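Please look over the chain shown here before reading on. The report is meant for a reader who has not seen this structure before.

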Amino acid sequence: MSEHSANPSAAAATGRSRAVKAVIPAAGLATRFLPATKAVPKELLPVVDRPVLQYIVEEATQAGLNDVLLITGRGKTAMVDHFDRRPDLEERLAKKPELLAAVKRTEDLAEIYTCRQPEQLGLGHAVGYAEAHVGDQPFAVLLGDEFVKPSEPLLPAMLELQARTGGVVLAFFEVDPAETTRYGIASVEPAEPEFSDIAEVVKVTGLVEKPKPEDAPSNLAVLGRYVLPGRIFDAIKRTKPGSGGEIQLTDAMELLRIEGVPAHAIVYRGTRYDTGMPLGYLQTVVQIAAEREDLGAEFRKWLAEFVNNGDETVTSAVLEGMRKASGGPNT
């Protein structure tokens, strides 16, 4: 897909190219999931019958990003294998067309490329390895442990906004004020009126990492989606180690913002699935299983029986956690 066919209005109006490549940093050790992730990458943990990584690649391709670079680490070659051909398996599934189609779908989703991050020295460090593949063009970064509901897409609006501004575009979601210590929190101001047709857009005036509720400038937390200009790579090279002694992507983006590069964000009010921690992963599996046409009715019936027979205090806590994870008022 060419940048002009993706959205001719943005390119025609600004003369800027539209991002057509996605970068997925996925080199982390996933220590929260050990020992399961000792041999299996966290990104391949199944959500019903598809791994987390496949949901993320599908989110990218749904937005027209068919060129996907995986930033991998030692022991994570299975991620690439998942999107490779398996002629032996296809032959065995010749008389099972539905399963065969599901397997072949992974091969046809996108053009998958990979590079190795030898040491995990921060998100900014990981993204810097994409420079040879991306060049000086804008691109999207999708973190490997969260994704959004396909019927409530986020990336198309972000890509449109970046094509118009040429700057940094982030995504935010609202959190309970008591939870600001878990996230990067943004300070914002109203965006320029010309962006009101895209989505709920704000102008970013600063980012604070995990502030106390009384110190938080807002309740808008950073969601793991970014659309960045190619000049981010130079900023990463000039960024010194920050939080945790690592090279942080946030610091590189802030450097660009201080130097005059526009920084905006979409406030996302759809459903976000967070698989980065065991509880969020379990909540994601339950939510998606409950919504499946082939499994949902029977699973919801069993789940209701399990909940009704369980401890009410524990049940209430689990349901409240599911509500927060989905971003909605109801479970």
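What follows describes the chain as a whole, then its cavities, two enclosed elements and some single residues.

This is a predicted model, in which local features need pLDDT of at least 70 and side-chain atom pairs count only at pLDDT 80 or more, while totals for chains, interfaces and linings use all residues. Residues are numbered from 1 along each chain as its sequence is written, and side-chain values use heavy atoms, with hydrogens and water left out.

## The chain

The chain has 14 helices and 13 strands. These elements are DSSP runs numbered from the N terminus, with helices being H or I of at least four residues and strands being E of at least two. Of the 331 residues, 47% count as buried. Buried means under 20% relative accessible area, exposed means over 50%, and partly exposed lies in between, with a 1.4 Å probe and protein chains only.

The chain exposes about 16,700 Å², and 54% of that is supplied by carbon and sulfur atoms. Accessible areas come from the Shrake-Rupley method with a 1.4 Å probe, and for residues only the protein chains shown count as cover. Among contacts in the chain with a separation of 6 or more, 77% are between residues 24 or more positions apart. A contact means heavy atoms within 4.5 Å.

## Cavities

The structure holds two cavities of 30 Å³ or more. A cavity is a set of points, on a 1 Å grid over the protein atoms alone, where a 1.4 Å probe fits but cannot get out, and its lining residues have an atom within 4 Å of a point. Grid points are joined across faces, edges and corners, and a volume is the space filled by probe spheres set on the points. In the classes used for the linings, Ala, Val, Leu, Ile, Met, Phe, Trp, Tyr, Cys and Pro are nonpolar, Asp, Glu, Lys and Arg are charged, and the others, Gly among them, are polar.

The largest cavity has a volume of about 60 Å³. Val168, Leu170, Val204, Leu207, Met253, Glu254, Arg257 and Ala263 line it. At least two lining residues come from each of β8 (168-174), β10 (201-209) and α11 (249-258). The share from α11, three residues, is the largest. By class, this lining has six nonpolar, no polar and two charged residues.

The second largest cavity has a volume of about 40 Å³. Its lining consists of Glu59, Gln62, Ala63, Val148, Pro153, Leu154, Leu155 and Pro156. Two or more of these residues are given by each of α3 (52-62) and α9 (155-165). The class counts for this lining are six nonpolar, one polar and one charged.

## Two enclosed elements

Helix α3 also stands out by its burial: ten of its eleven residues are buried, so α3 is largely enclosed by the rest of the structure. The buried residues of α3 include Val52, Tyr55, Ile56 and Glu59. Just after α3, Gly64 takes a positive phi of about 90°.

Strand β11 (residues 220-228) has eight of its nine residues buried, so β11 is likewise largely enclosed by the rest of the structure. Which strands pair with β11 in the antiparallel sense? One is β6 (residues 139-142), over four bridges, and another is β8, with six bridges. Two strands pair if DSSP finds at least two bridges between them. In the pairing with β6, Ala140 stands opposite Val227 of β11. On the β8 side, Glu174 has Leu220 of β11 as its bridge partner. β8 also supplies residues to the lining of the largest cavity.

## Single residues in loops

The table lists two residues that have a positive phi although they are not glycines.

| Residue | Phi | Loop | Relative accessibility |
|---|---|---|---|
| Ala30 | about 55° | between β1 and β2 | 16%, buried |
| Val48 | about 65° | between β2 and β3 (50-51) | 28%, partly exposed |

The loop between β1 (21-25) and β2 (46-47) also holds Pro35. The peptide bond from Leu34 to Pro35 is cis, with omega near 5°.

Is Gln248 buried or exposed? Gln248 counts as buried because its relative accessibility is 18%. This residue is placed in the loop between α10 (232-237) and α11. Not counting residues up to four places away in sequence, Gln248 touches Gly124, Thr239 and Ser243.

Technical notes:
1 Å grid on protein atoms, 1.4 Å probe; cavity = no way out; pocket = protein on both sides within 12 Å on 5 of 7 lines; lining within 4 Å.
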